[in-house]
Each structure stands twice: as C-alpha cells, then as structure tokens.
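Please look over the structure below with its charged side chains in mind. This briefing deals with how such side chains pair up and where they gather.

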Amino acid sequence: MRLSWRRSSDAEDRFEQWIAQQHQQRVLAGETTPSGPCPDEKFLRDLARRSPNISLSDPRVDHAATCPTCMSRLLALRQEQRSRRRKVMVAAVAASCAILMAAVLVGIYTTRHTPKTENAMAVSQTVNLWDAGTVRGEQPGQLQSVSLPAAHINLTIVLPQHSSAGQYLVAITRDQNGNGLIAEGFSSTSATSGKEQITISIDLSKAQAGQYFLSTTHEQEQAAYYYPLQIR
Ligand SMILES: [Zn+2]
C-alpha cells in the first residue's frame with residue numbers, strides 16, 4: 001500500500017517537473033504573453049529562493065511565470081543559489097571535519113603526553129627498611145625514621161632482612177592500627193643484590209604535613225608492620 005503510494009508520488013513529481021520544464025521552454029521561447037511590467041531584482045531573488053514573504057496571488061508571480069526575461073533571470077538565480085548552498089555545505093562539512101580532526105589530535109596528544117607529565121611530576125623516593133626489625137615486639141620506630149614529601153611519589157621500599165618475596169600491600173595511614181588511610185598500593189617484590197624491594201606509585205600531594213605510619217603487609221600474612229612516617 002505504502003510502496004505503491006510512494007511510487008505514484010514519485011511519478012507525479014516527475015510529471016509535474018516535466019510540465020514545469022515544458023512551460024519554461026514555452027516561456028523562454030516567447031510563446032507566452034506576460035502581463036504588467038517586470039518586477040525588480042529583489043522580488044525575483046525572493047521568488048527564486050521561494051521566500052515565504054511572497055504570496056502566490058501576487059500579480060508579479062504571474063508575470064515572472066510568463067515573461068521570458070524574468071524566467072531566464074529566475075533560472076539563473078536558482079542555479080546561483082543552488083551552487084552557493086552547495087559551497088556552504090562543502091564549507092560546513094570541511095569545518096566539521098577540521099573540528100573532528102582537531103579533537104582527535106588533541107585526544108592523541110593528551111593521551112600520549114599525560115602519563116609523561118605525571119611521571120615528570122612524580123618524585124622518586126627510596127625508603128630503606130633493611131635494618132628495621134622484623135621480629136614482632138621490637139620497636140621499629142626506634143630503628144627507622146622515614147620522611148616523604150607531600151607529592152606524587154614513585155616509592156621504592158627496600159624490605160627488612162629475611163622478608164619473604166611475593167606481593168605486598170603498602171599503606172600510609174594516620175595511626176598504627178590502619179585507621180585514616182592516606183594512600184595505598186599493591187606490588188610484587190623484586191630482588192636487587194639480595195635485598196627484596198617493592199616499588200609503588202602513591203599520591204601524597206593532598207596529604208597535610210605531619211606524623212603518619214607506613215605499613216607493609218605480605219599477601220600471605222595477616223600482620224602488618226608499621227613504621228613511623230613523616231610527611232613534609
Ligand atoms: Zn518580466
């Protein structure tokens with residue numbers, strides 16, 4: 001139903017177009033008699049772009065439709081408008097392509113450069129706990145005094161002697177019961193000249209200067225070892 005309607009509509013459009021072309025040819029050949037004088041250029045321009053200001057009952061419309069001079073001017077104006085519209089469209093498409101390209105480039109630039117910037121801003125720090133006691137009950141605070149800046153830190157921790165290899169959770173907390181977590185990271189050990197060490201990236205840039213605790217917890221052990229830490 002819809003298909004046949006659609007087809008007949010297309011056929012009607014073609015038929016009307018054909019009639020219009022026949023009419024145009026007759027007008028341009030001077031076979032029609034226009035009534036009244038030729039309207040001004042502005043009116044023809046408005047008519048060519050089918051301005052809603054123009055009423056079809058306006059006698060100048062009848063004139064233009066039957067005057068060879070006005071008709072050829074109208075056809076030229078329509079041609080002009082069509083190519084201008086095409087140019088505007090090409091310009092618009094080019095502009096949106098340029099915007100898209102810029103967005104893509106900015107995206108690529110940002111993706112490529114953000115990690116570098118972060119790395120450049122991060123401070124490398126090493127905390128050496130090699131001589132810190134690992135025997136429970138010992139007072140690690142007397143053995144070790146750790147100080148870190150309030151910044152993004154690539155932190156390398158040399159673990160105490162006899163520490164197990166494996167994964168460690170490193171946390172910086174307000175107290176030595178694990179309360180008031182400031183930052184934490186999880187990393188595997190690597191051995192350097194027989195010393196187990198871990199490297200994590202932590203953000204202390206928002207931490208206020210003061211006394212904190214650094215803790216290390218081996219993945220297979222329940223106990224965390226706390227070391228007094230000063231953020232400066
Ligand atoms: Zn005319």
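A patch is made of residues with over 30% relative accessible area and no salt bridge, and like charges are joined within 9 Å. A salt bridge, in turn, is a side-chain nitrogen of Lys or Arg within 4 Å of a carboxyl oxygen of Asp or Glu. The model is predicted, and the count of salt bridges in it comes to 8.

**The positive patch**

- On the surface, R50, R82, R85 and R86 gather in a patch of positive charge.
- One of these residues, R85, is found in helix α4.
- R85 has a relative accessibility of 51%, and it counts as exposed because exposed means over 50% relative accessible area.

**Salt bridges between helix α2 and helix α4**

- E41 forms a salt bridge with R73, and the closest N and O atoms of this pair are 2.5 Å apart.
- This pair links distant parts of the chain, since E41 lies in helix α2 (residues 41–48) while R73 lies in helix α4 (residues 68–121), and the two are 32 residues apart.
- Both partners are partly exposed, with a relative accessible area of 32% for E41 and a relative accessibility of 28% for R73.
- R45 forms a salt bridge with E80, where the closest N and O atoms are 3.7 Å apart.
- Here, too, distant parts of the chain are linked, with R45 in helix α2 and E80 in helix α4, 35 residues apart.
- R45 counts as partly exposed at 31% relative accessibility, and E80 is partly exposed as well, with a relative accessible area of 34%.

**A network of salt bridges**

- E41, R45, R73, E80 and R84 are linked in a network of salt bridges, and among its members are E41 and R73, which pair with each other, as well as R45 and E80, which also form a pair.

**A salt bridge with one buried partner**

- R49 forms a salt bridge with D46, and the closest N and O atoms of these two residues are 3.0 Å apart.
- Is D46, with its relative accessible area of 9%, buried or exposed? D46 is buried, because buried means under 20% relative accessible area.
- R49, by contrast, counts as partly exposed, with a relative accessibility of 48%.

Technical notes:
Residues numbered from 1 in each chain as written. Predicted model: local features only at pLDDT ≥ 70, side-chain atom pairs only at ≥ 80, totals over all residues. Heavy atoms only, no water. Helix = DSSP H or I, 4+ residues; strand = E, 2+ residues; numbered from the N terminus. Buried < 20%, exposed > 50% of the residue type's maximum accessible area, 1.4 Å probe, protein only. Patch = residues over 30% accessible without salt bridge, like charges linked within 9 Å, V, L, I, M, F, W, Y side chains within 5 Å. Areas by Shrake-Rupley, 256 points an atom, 1.4 Å probe, with all protein chains shown as cover. Lys, Arg positive; Asp, Glu negative; His and termini not counted. Charge placed at Lys NZ, Arg CZ, Asp CG, Glu CD.
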